[in-house]
Each structure stands twice: as C-alpha cells, then as structure tokens.
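Biologist: I've got a structure open and would like some help reading it. Could we go through it feature by feature?

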Amino acid sequence: MLVYDGRVSAVRLEIRLNNQSEWIKIFDPRDWTVFVPLEALGEDAEVDNGATLRIDLTVGGWAVTLRGTVVGTREEPAGILVALNGTEREKINYLNGFVRGGLLNLREKRRLPVKLSVTYGAIEGPAKTFTKDINEEGVFLFTDKPLPETSQVHMLVTVPGKEQPLSLVGKVSHTILAADEEPPGMGIVFDLDEAQREHLHSVIKELEEQLEKNSLPDPAVE
C-alpha cells in the first residue's frame, strides 16, 4: 500500500511473503538492500530515488516494520531497491534467524526487537523511554542522556498483556551518544537472582511466541 500526495511524497508499503524462503529472494545481505517488485508497488506507482519508505513486512505470519531509502531500480524483474537504515540491524538479524529456523539454537544470543515502555532511574530522577531490544541477559534503552558505564539501573518494563511491569536491575555495559551514527542509548546487562531470571525467561519466551505469531500490538514491533 502506498500513501500518495500528488506524486509519491510519503510512502508506506505493505509486503506479504507467504514463507521464509521468499525473504531470501528479496534481501541482499551484501549491501542490506530489499528488492520490492513492481506488483507490490502497483503498476502506476512512481517512487523517486531518495524517497523514504516504511515497509510493513509480513513473513510467514511474522510481522515487522522496516525503514529505508530508495536507492535504485531494476528492469528485469521490474522493481525498486531499498537500502535499509542502520537502525534496523537488530530486526534483520532476528528475521534472518527466523528464516533459518535457528532461533532455538541461538536463544542465548538473539535479541527480540520489541518496543516496550520503560521507566528507569536517571540522574535527574525517573525517566521514561522504550526498549530497542531485549533478551534474558540484557536490554538496550533509547535515551539522549545515557548513564555512565557501570552505573546501576532499576527499570520497570511494561509488557503487553501483563498487569504488573517487570522490575529489573542491571548495570550499564555500553553507551551510544547522540554524536554517533546510531540512535543514542545504553546497553544494560541484568543483575538478577535465580527467581527473577526464571521469571524473565518465561516472559521473554512469551514475547518471542507472540512476535512469531504476529500477535503483539503494533507499537511493540515498530
């Protein structure tokens, strides 16, 4: 689906792939581009180079939102090439794992690219933000004012479908500043006791299942 304003100025595109193998046909890992065939755009669509795209992608029932820029066209087969933003790296890594069917074997390494609301203790007091990704070992939080590395952080993480937020404690392992190319924020490694870790593991498992079944609310996968 394209959003028109005269010619195409803002573009939101829906791509539905019937199975995981179709993703391999359109994604080029060498330059992180996605090929969008003409039939997905509509025969009369005109999308200029440099146009910003939001791609609502469904692969075998799993949905994810990707953002990128049109960088070229192809004549055979006819379509456009979209270079994905660097901010989509975690989503693509997860999607590639889903396609390969290796998520269970890579459980200790994969991060769920879900956007969850978080309240945490900042230097000026409680602050609100969102997660970039999360797993049993840690989380990345978006923030323009990351805490110093090794700082201890208490977080309340809101999980869809749960009445009470997750209460988690961890230490800042690394930071990304606003001057860097990637969105600013901080990576946090959890410091949990055994009971807390088991509870978190069950929550992560539920989130993963919902993510694969496309049953998470839209804001959680953008």
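Modeller: Sure, and keep in mind that this is a predicted model. Let's begin with a polar side chain and the backbone around it.

Biologist: Which backbone nitrogen lies 2.9 Å from a polar atom of the side chain of asparagine 135?

Modeller: To spot a polar contact, look for a pair of N or O atoms within 3.5 Å. Here the backbone nitrogen of glutamate 137 is the partner, 2.9 Å from a polar atom of the Asn135 side chain. That side chain also reaches the backbone nitrogen of glycine 138, again at 2.9 Å.

Biologist: Where is asparagine 135 placed, and is it buried or exposed?

Modeller: Asn135 sits in the loop between S8 and S9. For burial, the cut-off is under 20% relative accessible area. Asn135 has 2%, so it counts as buried.

Biologist: Now strands. How do the side chains along S10 point?

Modeller: Check which face each side chain points to, then whether it is buried. In S10 they alternate: Val153, Met155 and Val157 point to one face and are buried. Gln152, His154 and Leu156 point to the other face and are not buried.

Biologist: Which strands pair with S10?

Modeller: For pairing, look at the sense and the bridges. S7 pairs with S10 in the antiparallel sense over 3 bridges, and valine 118 has valine 157 of S10 as its bridge partner. S10 and S11 are also antiparallel, with 6 bridges; there, methionine 155 is matched with leucine 168 in S11.

Biologist: Which residues touch the most other members of the largest nonpolar core?

Modeller: A core is read as a network of buried nonpolar residues whose side chains touch. The largest one here has 29 residues, and Tyr120 and Met155 touch the most other members. Among the elements that give it two or more residues are strands S7, S10 and S11 and helix H4. H4 gives the most, with 5 residues.

Biologist: What is tyrosine 120 in contact with, leaving aside neighbours within four places in sequence?

Modeller: Its contacts include Pro126, Leu141, Val153, Met155 and Met186. There is also a second, separate core of 25 residues, including Val36, Leu41, Ala51 and Leu57.

Biologist: And for the chain overall, how many helices and strands are there, and what percentage of residues count as buried?

Modeller: The chain has 4 helices and 12 strands, and 46% of its 222 residues count as buried. About 12100 Å² is exposed, with carbon and sulfur atoms supplying 49% of that area.

Definitions and conventions
Residues numbered from 1 in each chain as written. Predicted model: local features only at pLDDT ≥ 70, side-chain atom pairs only at ≥ 80, totals over all residues. Heavy atoms only, no water. Buried < 20%, exposed > 50% of the residue type's maximum accessible area, 1.4 Å probe, protein only. Areas by Shrake-Rupley, 256 points an atom, 1.4 Å probe, with all protein chains shown as cover. Core = buried A, V, L, I, M, F, W, Y, C linked by side-chain atoms within 4.5 Å. Contact = heavy atoms within 4.5 Å. Polar contact = N/O pair within 3.5 Å; in protein donor to acceptor, adjacent residues only side chain to side chain. Pairing = 2+ DSSP bridges.
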